[in-house]
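Below are some notes for a colleague who is opening this structure for the first time. They are numbered so that each can be checked against the view.

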Amino acid sequence: MMSLGGWMNKVLIGWGIDPKFADMFDETIIALLMVGLSIGLDYLCQAIFVGGMKHYTRRSPHQWNTLLMRRRVIHHLIHILPGILIYYLLPMAFVRGKEMLEFSQKVCAVYIIVAVLLTINGLLLVMLDVYNMKDKQKNRPLKGFVQVLQVLLFFIGGIIVVSVLIGKSPMTLFAGLGASAAVLMLVFKDSILGFVAGVQLSANDMLRIGDWIALPGGVANGVVEEITLNTVKIRNWDETISTVPPYTLVNNSFQNWRGMQESGGRRVNKNIFLDMTT
């Protein structure tokens, strides 16, 4: 059975093109046609599945489908299909050019991995949104933990991408990273400290979003608006924004006025001086 490359080669020669040039261009033309076919398939799937989901979300706006569309989970998931299609069709195009076939398949594999990573990242954000919508969980922010998972996700994904490009096992690269652990600790020092501090702040209920806190030295005095992996955002009473690392709140003292606000009153300490000779 004649391959697509051989068929295109005969067509080009039949058009009067020199056989040498036909050998150079036949597989390239087939590959470009496959790329165009995959892009068309991607647009078609986007129109069918994503368009259908948008229409369904407008008619029945439930929590899960609204969040899936907002975080573009369906969009990234559909992008995987053209990559898989090209990956399995490329051997039909590059029959003689084995090196070009391997390179093209590596590019397709990287594209598929990136699409999978973006899909998983979107699902993590959906889980975070669902968690934050629960009133009971608002006092225990999960954003820092999700950011840790995102860092791990893209770190592992980056290792897999590099292993695909250089043609080695990911486990070999992970084993090689053991020797550079000190460098990794230095690079991710703030993230590691922020993660540990976030666990301590959350486990001991030291800080919540909406708390009025005051740091010594007038660094910050206002309401906590956001707690992330590397920063705590505080809106001061003069409407300025202060950002401090989470481990600063763990290592140093700070004043939390939550107890006074929840009590419904405020204690006042006032000295009254009496003249004992009067």
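1. A residue is called buried here when its relative accessible area is under 20%, exposed when it is over 50%, and partly exposed in between. On that basis, buried residues make up 32% of the 278 residues in the protein. The model is a predicted one.

2. As for overall content, the protein has twelve helices and five strands. It exposes about 17800 Å², and carbon and sulfur atoms supply 66% of that area. Of the contacts with a separation of 6 or more, 55% are between residues 24 or more positions apart.

3. The five strands form an open sheet with antiparallel pairing, in the order β4-β3-β2-β1-β5. The edges are taken by β4 (241–244) and β5 (255–256); each has a single partner strand, so one side of each is left without a neighbour in the sheet. In general, the strands of a sheet pair through backbone hydrogen bonds, either parallel or antiparallel.

4. Going through the pairs, β1 (residues 212–214) and β2 (residues 221–227) run antiparallel and are joined by three bridges. One point to look for is Trp 212, whose bridge partner in β2 is Val 223. Between β2 and β3 there are five bridges, again in the antiparallel sense, and a hairpin of four residues joins these two strands. β3 and β4 pair over four bridges, also antiparallel. Their hairpin has four residues between the strands, and in it Glu 239 takes a positive phi near 70°.

5. Ile 234 in β3 is a useful landmark for reading across the sheet. Val 224 stands opposite Ile 234, and Ile 234 in turn stands opposite Ser 242 in β4.

6. Which side chains of β3 are buried, and which are not? Along this strand (residues 232–236), Val 232, Ile 234 and Asn 236 point to one face and are buried, whereas Lys 233 and Arg 235 point to the other face and are not buried. In a regular strand the side chains alternate between the two faces of the sheet.

7. The largest nonpolar core has twelve residues, and Val 232 and Ile 234 of the preceding point belong to it. Val 224 is also a member, as are Leu 201, Leu 207, Ile 213, Leu 215, Ala 220, Ile 227, Val 244, Leu 249 and Phe 254. The elements that give two or more residues to this core are β2 and β3. Another core lies apart from it and has eight residues, among them Val 110, Leu 117, Leu 124 and Val 146.

8. The count of salt bridges comes to eight. Asp 205, Arg 208, Asp 211, Arg 258 and Glu 262 are linked in a network of such bridges. Within it, Asp 205 forms a salt bridge with Arg 208, with the closest N and O atoms 2.7 Å apart. Is each of these two buried or partly exposed? Asp 205 is partly exposed, because its relative accessible area is 24%, while Arg 208 is buried, because its value is 18%.

9. Asp 205 also forms a salt bridge with Arg 258, where the closest N and O atoms are 3.5 Å apart. This pair links distant parts of the chain: Arg 258 is in helix α12 (residues 258–263) and Asp 205 is in the loop between α10 and β1, 53 residues apart. Arg 258 counts as buried, because its relative accessibility is 12%.

10. The side chains of Glu 262 and Arg 208 meet in a further salt bridge of the network, at 3.8 Å from N to O. Glu 262 lies in helix α12 and Arg 208 in the loop between α10 and β1, so this pair ties together parts that are 54 residues apart in sequence. Glu 262 counts as exposed, because its relative accessibility is 58%.

11. On the surface, Met 185, Ile 192, Phe 195, Val 196 and Val 199 form a nonpolar patch, with about 390 Å² of accessible area together. Helix α10 (residues 189–203) gives the largest share of this patch, four residues. Phe 195 has its place in that helix, and it counts as partly exposed because its relative accessibility is 33%.

Note on methods:
Residues numbered from 1 in each chain as written. Predicted model: local features only at pLDDT ≥ 70, side-chain atom pairs only at ≥ 80, totals over all residues. Heavy atoms only, no water. Patch = residues over 30% accessible without salt bridge, like charges linked within 9 Å, V, L, I, M, F, W, Y side chains within 5 Å. Areas by Shrake-Rupley, 256 points an atom, 1.4 Å probe, with all protein chains shown as cover. Salt bridge = Lys/Arg side-chain N within 4 Å of Asp/Glu carboxyl O. Buried < 20%, exposed > 50% of the residue type's maximum accessible area, 1.4 Å probe, protein only. Pairing = 2+ DSSP bridges. Core = buried A, V, L, I, M, F, W, Y, C linked by side-chain atoms within 4.5 Å. Contact = heavy atoms within 4.5 Å.
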